[in-house]
Amino acid sequence: MAPDADVELVARARAGDRAAFRTLFDRYNRRAYGVAFGVVKNQQDAADVVQEAFIKVHRHLDGFQGNSSFYTWLYRIVMNLSIDHLRRKKKVTEFDETVRKDDALADGATLPQSAHENPAKAIARKELTDQLHAALAELPEYHRAVIVLREVEGLSYEEMAKILKVPKGTIMSRLFHARRKMQERLVGYLDGDLKVTE
Amino acid sequence: MEHVQEDALNMHFDGELAPTEAASVERHLASCGECSKRLTSMQRLREMILMSSEQVASEVDFDAMFGRVEQGTKIAPVPGLIDRIGLWVTESLQHNPMRVWAPAGGLALAAAAALAFVLRSSGAGTEGEDEVARRGVIAEEREIKREKMMVAENDPPSESNASEVVQVDFGSNTGTVFEIALADGASTPVVWINED
């Protein structure tokens with residue numbers, strides 16, 4: 001049986017169908033989290049953003065006209081909340097940077113995915129992830145937003161333009177600049193053997 | 001050999017080029033190691049970002065998150081105005097009583113002032129109307145008296161409506177004070193001065 005279309009799930013959720021809302025949540029939570037994490041660069045902050053985004057979605061289901069796709073609407077909320085979150089945190093940038101680096105070292109995000117993983121591979125994975133996060137963190141937020149929407153979500157230029165409310169040409173410019181910066185920053189990793197995800 | 005422009009290579013990588021342009025880029029890539037390497041670098045960057053995203057997402061307890069979302073979406077019934085005022089008063093009395101007593105005192109004073117003004121205005125209205133009527137009558141009577149006085153200044157009051165009260169000696173002149181009866185039953189004194 002074909003999965004229910006988003007628009008149908010939205011209609012049912014609007015009528016109070018909890019299961020329909022749960023299906024929407026399950027369908028998009030990981031992707032929304034990936035987008036939020038790509039921008040805020042902190043796991044707890046990303047979780048807070050996604051949680052708040054789905055609460056907002058639920059509260060404004062009546063206002064969803066269906067003119068855009070549900071995920072476009074959701075990602076716009078996620079992106080706005082992520083950027084708002086970053087701007088609030090800018091007041092404590094230096095302190096935040098210190099904590100973030102400490103968190104990155106302390107949390108399990110870059111540890112081996114399983115106890116059976118090759119230790120050398122785990123170290124390579126950790127180093128790669130750390131470098132990637134560091135490179136992403138050096139990008140301006142508007143570059144980070146566009147590269148995450150493209151590389152994680154696979155959104156088209158047109159869809160990104162709608163979500164970020166900027167012209168399509170601006171999206172292209174930002175994306176190409178962001179990629180070039182990341183490639184320059186990660187040149188040693190992108191040219192070598194990256195087969196650490198097997 | 002002319003390499004693929006950065007914009008075109010990015011658009012080709014993202015599947016945003018028109019089919020004819022995409023075919024042209026593909027033909028170039030087939031024979032250009034440098035451009036192929038640039039494209040491979042883009043692909044590896046995408047894989048790294050995806051891997052990182054999936055990794056961090058795999059550690060999130062989305063069931064627990066959904067529970068918090070549901071908690072956040074429970075819309076508490078909106079209390080009525082009286083309930084909200086009661087709640088505000090209760091909380092304020094506990095934490096900052098002046099927040100209640102200061103405006104309450106001000107409101108009481110304002111209410112008292114407004115009540116006094118209303119009472120006075122309603123009383124003044126009645127009294128005012130009476131006063132206007134009374135003053136109108138007095139003015140009318142004075143006008144009548146003035147007319148009578150003028151008459152008296154020209155001619156001595158006739159015997160029919162005047163009674164002599166007293167004769168007055170002014171030194172070089174003499175005069176008579178009359179009490180003249182008016183049409184409404186009242187009377188007014190009139191002084192008649194003899195010219196000679």
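In this predicted model, the axes of α2(A) and helix α4 (residues 62-73) of chain B approach within 11 Å and cross at roughly 135°. That angle makes α2(A) oblique to α4(B). The crossing in which α2(A) passes α4(B) is right-handed. On one side of this meeting stand A:Arg22, A:Phe25 and A:Asn29 of α2(A), and on the other B:Phe62, B:Met65, B:Phe66 and B:Val69 of α4(B). Sorted by class, the contact of the two helices comprises 5 nonpolar, 1 polar and 1 charged residues.

This helix pair may be set beside the contact between the chains as a whole. Chain A contributes 35 residues to that contact, and chain B contributes 29 residues. On the side of chain A that touches chain B, the elements giving two or more residues are α2 (18-40), α3 (43-59), α6 (119-138), α7 (141-151) and α9 (168-185). The class composition of this side of chain A is 18 nonpolar, 11 polar and 6 charged residues.

The architecture of chain A comes next. Chain A holds 10 helices and 0 strands, and its elements accordingly read α-α-α-α-α-α-α-α-α-α from the N terminus on. Of the 198 residues in chain A, 37% are buried. Among the contacts of chain A with a separation of 6 or more, 66% join residues 24 or more positions apart.

Helix α1 (residues 6-14) of chain A illustrates how burial is distributed around a helix axis. Its buried residues are A:Leu9, A:Val10 and A:Ala13. These residues lie on the same side of α1(A) because the arc that they cover around the axis is only 100°. The face turned away from the buried side of α1(A) carries A:Val7 and A:Glu8, both of which are exposed. The cover over the buried residues of α1(A) includes α2 and α4 (70-89) of chain A. Thus α2 of chain A appears in two settings: it is included in the cover of α1(A), and it also gives residues to the side that touches chain B. After α1(A) comes A:Gly16, which has a positive phi, near 100°.

Chain B is built on another pattern. It has 6 helices and 3 strands, arranged along the sequence as α-α-α-α-α-α-β-β-β. Buried residues account for 11% of the 196 residues of chain B. For contacts in chain B with a separation of 6 or more, the share between residues 24 or more positions apart is 29%.

One residue of chain B allows a closer look at local surroundings. B:Glu21 is placed in helix α2 (residues 19-31) of chain B. Is its position buried, exposed or partly exposed? B:Glu21 has 13 other C-beta atoms within 10 Å, and it is therefore partly exposed; a residue would count as exposed at 12 or fewer and as buried at 20 or more. The C-alpha atom of B:Glu21 is separated by 8.6 Å from that of B:Ala8, a residue 13 residues apart from it along the chain.

Notes:
Residues are numbered from 1 along each chain as its sequence is written. Chains are lettered from A and ligands numbered from 1 in the order in which they are written. This is a predicted model: local features need pLDDT of at least 70, side-chain atom pairs count only at pLDDT 80 or more; totals for chains, interfaces and linings use all residues. Two residues are in contact if their C-beta atoms, placed from the backbone, lie within 7 Å. Helices (H or I, at least four residues) and strands (E, at least two) are DSSP runs, numbered from the N terminus. Ala, Val, Leu, Ile, Met, Phe, Trp, Tyr, Cys and Pro count as nonpolar, Asp, Glu, Lys and Arg as charged, and the others, Gly among them, as polar. Axes are lines fitted to C-alpha atoms, for helices over the stretch in contact, and angles run from 0 to 180 degrees between N-to-C directions. Angles under 35 degrees count as roughly parallel, over 145 as roughly antiparallel, 65 to 115 as roughly perpendicular and the rest as oblique. A crossing is left-handed if the near helix is turned anticlockwise from the far one by less than a right angle, and right-handed if clockwise. The arc is that of the directions from the helix axis to the C-beta atoms.
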